[in-house]
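Welcome! Take a moment to look over the sequence and the 3D view, and then we can walk through a few features together.

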Amino acid sequence: MTGLIAQAIARSGDAYIGGAWVPASGAERLPVINPANGALVAEIVAGTSGDLDRAVAAARAAFPAFAASPVAERLALLERIHALILERAEPLAQVLTLEMGAAITHARAAHVPFAAAHVQAAIEVLRDYAFLTMRGTTAIVREPIGVAGLITPWNWPLYQITAKVAPALAAGCTVVLKPSELSPLSALMFAQLVHDAGAPAGVFNLVNGTGSEVGACMAAHPDIDMISITGSNRAGVLVAQGAAPTVKRVTQELGGKSPNVLLPDADFARVVPLGVMAAFRNVGQSCSAPTRMIVPRARLAQVEALARETVESIVVGDPTQESTTLGPIANQAQFQRVQTMIAVGIEEGAKLVCGGLRCPEQHTDGLYAHPTVFSEVSSAMRIAQEEIFGPVLVIIPYDDIDEAVAIANDTVFGLGGHVQGTDLAQARSVALRIRTGQVHINHPAWDAHAPFGGYRRSGNGREYGAFGFEEYLEIKAVLGFA
Ligand code: NAD
């Protein structure tokens, strides 16, 4: 284990407040479990409302100077943070593997570089951003909203942190971060990294703890000006309710059940394997994972065969091994949820193409689920409607394009979407009919500047790039300015 990981574990009892590590005051200890083997990795001390008050006071005190700091200073800070993420990429990847089971190759290739990319995107936005524009004699001024409370989940822990912290700092906000209590070690490493990058005291603060204690206090806190939460629908709703009396801005990135429409002219041999792997990326624990593959009924048998073949190529196992493509589910509660939903699919009468419930004799210590594909699924089934957040793909047949679009939109969610087709005009037209915050045509490269967020119950507001940055700004009109 590298020194930086050992240092993060040694900080399990601390909060980072006002530029210094201080002991958290709670009595409760929250275990951090390695999902690959059930080993206790660390115990964090759950923070309290008192810890949060101290962090908010530090952020509030630091706000006026940081809000007024020259753009060049904030750019320099973000550039140092970016450089340190790249410099510490390997221990960051290893700690993610340890705390939530990301396969090490995936942590190296996606979790860490994409986390760095959010910082880079914030740098690029800030460099060119016009904080003051004119409309006739009226000035439109953008100002940082104030103290931002940031609540993040366990599934892409570091990535979700930088997607919030980088634009908040770029905007001139000061922040209090509460990472997931299930994967707090990468957050502790990140806090040290921000410290080492030379962030002024109070600009960045971290308090560990549970959602029901620290998270709920953040939502209600009178001195926090906005909350950005990524997590479950349940937590997003509770935060909005808790925030309402103080009329703070709430940005929510919540769940999804994203469609992947395969048009009849799609290159099936290419897009079915890519679609399966996109659904199972990060062990299916991605809010925008395309977990509903919507396919022409006439091609169902071909799609099933290609999906089965793809799943057979997946190597499930120890996430520290470079040969592993799919590690364990990140935590016990999520593992149970995935097993429950696989059982539901079987009970609902969906056709099990491959996978299924875990055999107890396999991987007994780790939370390994079988990558599972159901076919002949109808849109009314629970496995087609509920977010499973694990390696479970459902294949739903359609008879014509209008029906494919109707199935794609037959959900309370609206986060991600995919369309595959050779005729780009048709693929575009279907993409424009899908009611989600992002649609990907033919598996393009990831774009750190593309706004990300949800329609309907997938959330409010957008993250990434310029749109994510503007969530942290207020708008002031000064009439008679010119
Ligand atoms: P979760 O809602 O349990 O926890 C997310 C965060 O919210 C954690 O930090 C948690 O402590 C906090 N929290 C929980 N209850 C809270 C409360 N009452 N008040 C304030 N904070 C509270 O979710 P999770 O299990 O960590 O993450 C998985 C979920 O997140 C999935 O449903 C997934 O779809 C969603 N997710 C969404 C996105 C997105 O961008 N839309 C990204 C990743 C994950």
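Below is a short tour by topic: a sheet, some aromatic rings and a ligand.

Please keep in mind that this is a predicted model. Its features include an open sheet of 7 strands, 13 aromatic pairs and a ligand surrounded by 29 residues.

**The sheet**

- Following the sheet across, you meet its strands in the order β14-β15-β16-β13-β12-β17-β18, and their pairing is mixed.
- At the edges are β14 (351-354) and β18 (440-441), each of which pairs on one side only.
- Strands β13 (residues 292-296) and β16 (residues 392-398) run parallel and are joined by 5 bridges.
- Opposite proline 296 you will find tyrosine 398, a residue of β16.

**Aromatic rings**

- In general, two numbers describe a pair of aromatic rings: the distance of the centres and the angle of the planes.
- The structure holds 13 aromatic pairs. In one of them, phenylalanine 131 and phenylalanine 469 have ring centres 6.0 Å apart and planes at 70 degrees, so this pair is edge-to-face.
- This pair links distant parts of the chain, 338 residues apart: phenylalanine 131 is in the loop between α5 (104-128) and β5 (132-135), while phenylalanine 469 belongs to helix α16 (residues 465-470).
- Both partners are buried: phenylalanine 131 has a relative accessible area of 18%, and phenylalanine 469 has a relative accessibility of 1%.
- For phenylalanine 452 and tyrosine 464, the ring centres are 5.1 Å apart and the planes lie at 10 degrees, so the pair is stacked.
- Phenylalanine 452 sits in the loop between β18 and β19 (459-460) and tyrosine 464 in the loop between β19 and α16, so their pairing ties together parts 12 residues apart in sequence.
- Phenylalanine 452 is buried at 7% relative accessibility, and tyrosine 464 is buried at 5%.
- Phe452 and Tyr464 also belong to one aromatic cluster, together with Phe114, Trp156, Tyr159 and Trp446.

**A charge over a ring**

- Arginine 299 places its charged end over the ring of phenylalanine 268, 4.0 Å from the ring centre.

**The ligand**

- Among the 29 residues around the ligand, the closest are Trp154, Glu181, Ser232, Leu254 and Glu387.
- One ligand oxygen atom lies 2.7 Å from an N or O atom in the side chain of glutamate 181.
- In the side chain of lysine 178, an N or O atom is 2.9 Å from an oxygen atom of the ligand.
- A nitrogen atom of the ligand is 3.3 Å from an N or O atom in the side chain of arginine 234.
- On its own the ligand has 840 Å² of accessible area, and the protein covers 91% of that.

Terms used: Residues are numbered from 1 along each chain as its sequence is written. This is a predicted model: local features need pLDDT of at least 70, side-chain atom pairs count only at pLDDT 80 or more; totals for chains, interfaces and linings use all residues. Side-chain values use heavy atoms; hydrogens and water are left out. Two strands pair if DSSP finds at least two bridges between them. Helices (H or I, at least four residues) and strands (E, at least two) are DSSP runs, numbered from the N terminus. Rings of Phe, Tyr and Trp (its six-membered ring) pair if their centres lie within 6.5 Å; planes under 30 degrees apart count as stacked, over 60 as edge-to-face and the rest as tilted. Buried means under 20% relative accessible area, exposed over 50%, partly exposed in between (1.4 Å probe, protein chains only). A charge sits over a ring if NZ of Lys or CZ of Arg is within 6 Å of the ring centre and within 35 degrees of the ring normal. A residue is near a molecule or strand if one of its heavy atoms lies within 4 Å of it. A polar contact is a pair of N or O atoms within 3.5 Å; within protein, one must be able to donate a hydrogen and the other to accept it, and residues adjacent in sequence count only if both atoms are side-chain atoms. Accessible areas come from the Shrake-Rupley method with a 1.4 Å probe; for residues, only the protein chains shown count as cover.
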